[in-house]
Amino acid sequence: MANLLESLSDRLLLGDGALGTYLYSLGLPRRYCLEEANLSRPELVRRAHADYRQAGAELLRTNTTAANRACLTRFGLDAQVVEINRRGVELAREAAGGKECTVAGSVGPIWLRAWEGSLSPEERRPLYREQITALLEAGCDLVFLETFTELSEALLALSVAHEAGAPRAAVSLAVFEEGRLGNGDTLASGLASLRGAAAQIVGIGGSCGILASLHLLEEIEVRPGDLLCAFPNAGKPEFYEGRLSYSASPEYFAASVDRFVAEGVHLLGGDYGTSPLHIAAMAPVLARHRPRRVKPRRVRVPAIEVAREEEPPKLEEESLLDRCKRKRIAMVELDSPRTLSMDKFLEGVRALEKAGVDALTLADNSLAILRVSNLAAAVAAQRCARLPTILHLACRDRNLLGLQSELMGLSVLGFRHVLALTGDPAKAGDHPGATSVYDLNSLGLIKLMTKLNDGVSAAGRDLKAKTNFVIGCAFNPNSVQFDSQVRKLESKIAAGAQYAMTQPVFDPELIRKSAERLKPLGIPVFVGIMPVLNSRNAEFLHNEVPGISIPESLRERLRHVDGPKAAELGLEAARSLAEAVLEQFGGIYLITPFMRYDLSVRLVEALF
């Protein structure tokens, strides 16, 4: 529709609803690549578009939101990017049936799973260019960049659309009730930035229901020439028998149309859970209105806070980074038990404190093996000792919501030191039927903790206080790709990591190499040292545990001794390696095998 922008200044335009949700309801299997249906189920996609058009939608978004090379590669479809996007435009155009209709080429953000690594902006740019160019060459009327949670990503995609020659571009941001984007920007500032980057239509979609969307739009100013869009969800989802359903009725949607128009919306549709029935209910109501060309921003009066009695200041755990400046640090990892018996664990905690250990570090179900929660173990340890605690936190077992809740709880309880880990896959542990979550990887978790330290949640909510985490990260010097590991560590430091802890090292030359490469990075590094107990233990660690490499020379020596003599040999090798570490670094990370805290005690007493 060549006169889309001109018509929006004089009339309101009704968009479509949730194409993906509707395709599933029409019989497309769950976990199916929606975009691939353009090739294998074109009749289904065409019908879905036609049903929205018949309901009154004048703008149809193509079934191409995730049709970029990065996402399609997961399904082995990376060679069909152009074909899928081209066919997406054709199907929407065919569904219009010759009637006047705007076909919007849908482009979503490039989502990567935790284990897929990351892409720099310059690596993302050609992926957007390939998809957008295919949509434009197929004849879409405008490029619709939708449900972006990061402003920088939306601006990147928008710049590519302009470079590709898009005559018109719309952008919707997915913000939650707090009204902030992933980097903390407000919705208002995000929309202003997009308008400044020449987006003709801007608005919200893909995250909030009707009331929350209206609440957010109240704070958006509409000036002459501004074109605002809104694609609210059909309420909040309910998960039942493996399916998501949305409860907002078509009548409820229709009753909200007047308020969306009053907030200055020019293009109104729906997102998750919005069916053709919802669009059909909205159509006659929207037809009665004319667009509101100017609307002031509604300024909210802040609530008056009632004065409270001042609470006594909370005693805060000393940062180990500060302690590092005064003395050499010995931290010891002691695994929480695999059963409910805590006696030996607590006995070990008391012994380590008596030996002069500076900090206790507790793994988070390492190797995906079930243990008592490390937070519960830390609380129990504090009842019998006063050791600062470093809690490992793995992304494997918690989604984004759970990670934030856990971190907020740690802060409330006074724990400051957290080691951010991606975590070993669940299927590799003692519960192979368990699933791994991985909403974030370790880098994402570091960024999350940095935001919490600024007092802001992942969704941009003001937490009314700031956490004070001392953020740690892992480094694997045993990797054959040592330089790649260093680059990853540099990325983690840039994201907010303040110290690093390494996998156990068994090679003196690797200690020297690590010191040479890591000291210039400017953060404390605690090199892992773990005594091996016997030959079988050494062979298992070397051959079956990711990230650990034991030299053949040590394994050969262990093959010729057993029992207590083998443990003494392993302990002596660990002491020699620890001395090499302390010659290069200001602290050490001792890993206790199989609850043999007596070995860690002997090492600490010999070294400090």
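**A walk through one predicted chain**

Let me start with one strand, β17, residues 525-529. Five of its five residues are buried, so β17 is largely enclosed by the rest of the structure. Keep in mind that this is a predicted model.

Now look at the side chains of β17. Val 525, Val 527 and Ile 529 point one way. Phe 526 and Gly 528 point the other way. Both groups are buried.

Who pairs with β17? Strand β16, residues 499-504, does, and three bridges join the two. They run parallel. Want one bridge to find on screen? Take Ala 500, whose partner in β17 is Val 525.

Let's step back to the whole chain. There are 608 residues, and 53% of them count as buried. The secondary structure comes to 23 helices and 18 strands. The C-alpha atoms fill a box of roughly 85 × 60 × 45 Å along the principal axes. Next, contacts in the chain with a separation of 6 or more. Of these, 78% are between residues 24 or more positions apart.

On to the eight-stranded sheet. The sheet is open, and its pairing is parallel. Read across, the order is β1-β10-β7-β6-β5-β4-β3-β2. Which strands stand at the edges? β1, residues 13-14, and β2, residues 59-61. Each has a single partner strand, so one side of each has no neighbour in the sheet.

Helix α7, residues 121-137, packs on this sheet. It touches β3, residues 102-107, and β4, residues 142-148. The direction of α7 makes about 165 degrees with that of β3.

Further along that order, find β5 and β6. β5 covers residues 169-173, and β6 covers residues 201-205. Four bridges hold this parallel pair. In one of the bridges, Ala 170 has Ile 201 of β6 as its partner.

Last stop: two helices. α16 is residues 400-413, and α17 is residues 442-453. Their axes come within 11 Å and cross at roughly 50 degrees. That angle is why α16 counts as oblique to α17. The crossing is right-handed.

Which residues make the contact? From α16, Leu 400, Leu 403, Gln 404 and Leu 407. From α17, Leu 445, Leu 448, Met 449 and Leu 452. How do the contact residues of α16 with α17 divide into nonpolar, polar and charged? Seven are nonpolar, one is polar and none is charged.

That's my tour. Thanks.

Definitions and conventions
Residues are numbered from 1 along each chain as its sequence is written. This is a predicted model: local features need pLDDT of at least 70, side-chain atom pairs count only at pLDDT 80 or more; totals for chains, interfaces and linings use all residues. Side-chain values use heavy atoms; hydrogens and water are left out. Axes are lines fitted to C-alpha atoms, for helices over the stretch in contact, and angles run from 0 to 180 degrees between N-to-C directions. Angles under 35 degrees count as roughly parallel, over 145 as roughly antiparallel, 65 to 115 as roughly perpendicular and the rest as oblique. A crossing is left-handed if the near helix is turned anticlockwise from the far one by less than a right angle, and right-handed if clockwise. Contact means heavy atoms within 4.5 Å. Ala, Val, Leu, Ile, Met, Phe, Trp, Tyr, Cys and Pro count as nonpolar, Asp, Glu, Lys and Arg as charged, and the others, Gly among them, as polar. Buried means under 20% relative accessible area, exposed over 50%, partly exposed in between (1.4 Å probe, protein chains only). Two strands pair if DSSP finds at least two bridges between them.
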